[in-house]
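Here is a friendly walk through one protein model, from its overall layout down to a few single residues. Keep the 3D view open and follow along as we go.

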Amino acid sequence: MSNGTALASEIAAALAEGSAAVGDGPLMVTILRKGASTGPSYEPTQSADIEYPVSALVGEYSVMERASSQIETTDIKLFIAAGQGVVPAAQDRVRIAGKVHFVKNVMPLQPGGEPLMYELQVHS
């Protein structure tokens, strides 16, 4: 196991522990990704969404972050550890406590080139 992989594993455990400490156990969210489009281009058929359950931690944007950017008051900061079987993308959606939110932005934390965690800007 590389140092980056070991560190990513520690971050995943810390995020799960942090979300458990503020709730009723680790927060599990589901990343929803559109399924494949099949059929002719004039009448495509969309297959069901692909679902990726991941542990996460919900954060808040500071007043400074909101003032100097396009972060809206209803946007949610969501932290997801790397190595959970999916790399989040801006085209994805996230189901949090039964409500679906749209992913606006994904910022990977990857010192040394290996992703450790993803910070998602999620719009409700």
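Two strands count as paired if DSSP finds at least two bridges between them. With that in hand, the main feature of this predicted model can be stated: six strands form a closed barrel in the order E1-E4-E5-E8-E7-E6, with antiparallel pairing. From one strand to the next, the twist averages 45 degrees. As background, the strands of a sheet pair through backbone hydrogen bonds, in either a parallel or an antiparallel way.

**The whole chain**

The protein has two helices and eight strands. Read from the N terminus, its elements follow the pattern α-β-β-β-β-α-β-β-β-β. The C-alpha trace spans about 45 × 40 × 30 Å along its principal axes. Of the 124 residues, 31% count as buried. About 7500 Å² of the protein is exposed, and carbon and sulfur atoms supply 57% of that area. Among contacts with a separation of 6 or more, 52% are made by residues 24 or more positions apart.

**Strand E1 and its two partners**

Which strands does E1 pair with? On one hand, E1 (residues 27-33) is joined to E4 (residues 50-59) by seven bridges, and the two run antiparallel. Here Leu-27 stands opposite Ala-56 of E4. On the other hand, three bridges link E1 to E6 (residues 93-96), again in an antiparallel arrangement. In this pairing Ile-31 faces Val-94 of E6, while Thr-30 has Arg-95 as its bridge partner in E6.

**Two nonpolar cores**

The largest nonpolar core holds 16 residues, and those with the most contacts inside it are Val-29, Val-54, Leu-78, Ile-80, Val-94 and Leu-120. At least two residues of this core come from each of E1, E4, E5 (76-81), E6, E7 and E8. A second, separate core has seven residues, including Ala-8, Phe-79, Ala-81 and Leu-116.

Val-94 is a good place to zoom in. Leaving aside residues up to four places away in sequence, Val-94 touches Val-29, Thr-30, Leu-78, Lys-99, Val-100, His-101, Val-103 and Leu-120.

Phe-79, from the second core, lies in strand E5. Is Phe-79 buried or exposed? Its relative accessibility is 18%, so Phe-79 counts as buried. Beyond four places in sequence, the residues that Phe-79 touches are Leu-15, Ser-55, Ala-56, Leu-57, Gly-59, Met-117, Tyr-118 and Glu-119. Phe-79 and Glu-60 are 19 residues apart in sequence, with 10 Å between their C-alpha atoms.

**Arg-93, a buried charged-type name to look up**

Arg-93 sits in strand E6. Because its relative accessibility is 16%, Arg-93 counts as buried. The side chains of Arg-93 and Asp-49 are joined by a polar contact of 2.7 Å. Outside a window of four places in sequence, Arg-93 touches Thr-30, Ile-31, Leu-32, Arg-33, Lys-34, Asp-49, Val-100, His-101, Phe-102 and Val-103.

**Two exposed loop residues**

Ala-97 is found in the loop between E6 and E7. Its phi is near 50 degrees, a positive value in a residue other than glycine. For context, most residues other than glycine have a negative phi. Ala-97 counts as exposed because its relative accessibility is 78%.

Gly-112 belongs to the loop between E7 (99-109) and E8 (117-123). With a relative accessible area of 87%, Gly-112 is exposed. How far apart are Gly-112 and Asn-3 in sequence and in space? They are separated by 109 residues along the chain and by 10 Å from C-alpha to C-alpha.

The table gathers the accessibility values for the four residues discussed.

| Residue | Relative accessibility | Class |
|---|---|---|
| Arg-93 | 16% | buried |
| Phe-79 | 18% | buried |
| Ala-97 | 78% | exposed |
| Gly-112 | 87% | exposed |

To find your way back to the overall picture, return to the closed barrel of six strands and to the 16 residues of the largest nonpolar core.

How values were computed:
Residues are numbered from 1 along each chain as its sequence is written. This is a predicted model: local features need pLDDT of at least 70, side-chain atom pairs count only at pLDDT 80 or more; totals for chains, interfaces and linings use all residues. Side-chain values use heavy atoms; hydrogens and water are left out. Helices (H or I, at least four residues) and strands (E, at least two) are DSSP runs, numbered from the N terminus. Buried means under 20% relative accessible area, exposed over 50%, partly exposed in between (1.4 Å probe, protein chains only). A polar contact is a pair of N or O atoms within 3.5 Å; within protein, one must be able to donate a hydrogen and the other to accept it, and residues adjacent in sequence count only if both atoms are side-chain atoms. Contact means heavy atoms within 4.5 Å. A nonpolar core is a set of buried Ala, Val, Leu, Ile, Met, Phe, Trp, Tyr and Cys residues joined through side-chain atoms within 4.5 Å. Accessible areas come from the Shrake-Rupley method with a 1.4 Å probe; for residues, only the protein chains shown count as cover. Axes are lines fitted to C-alpha atoms, for helices over the stretch in contact, and angles run from 0 to 180 degrees between N-to-C directions.
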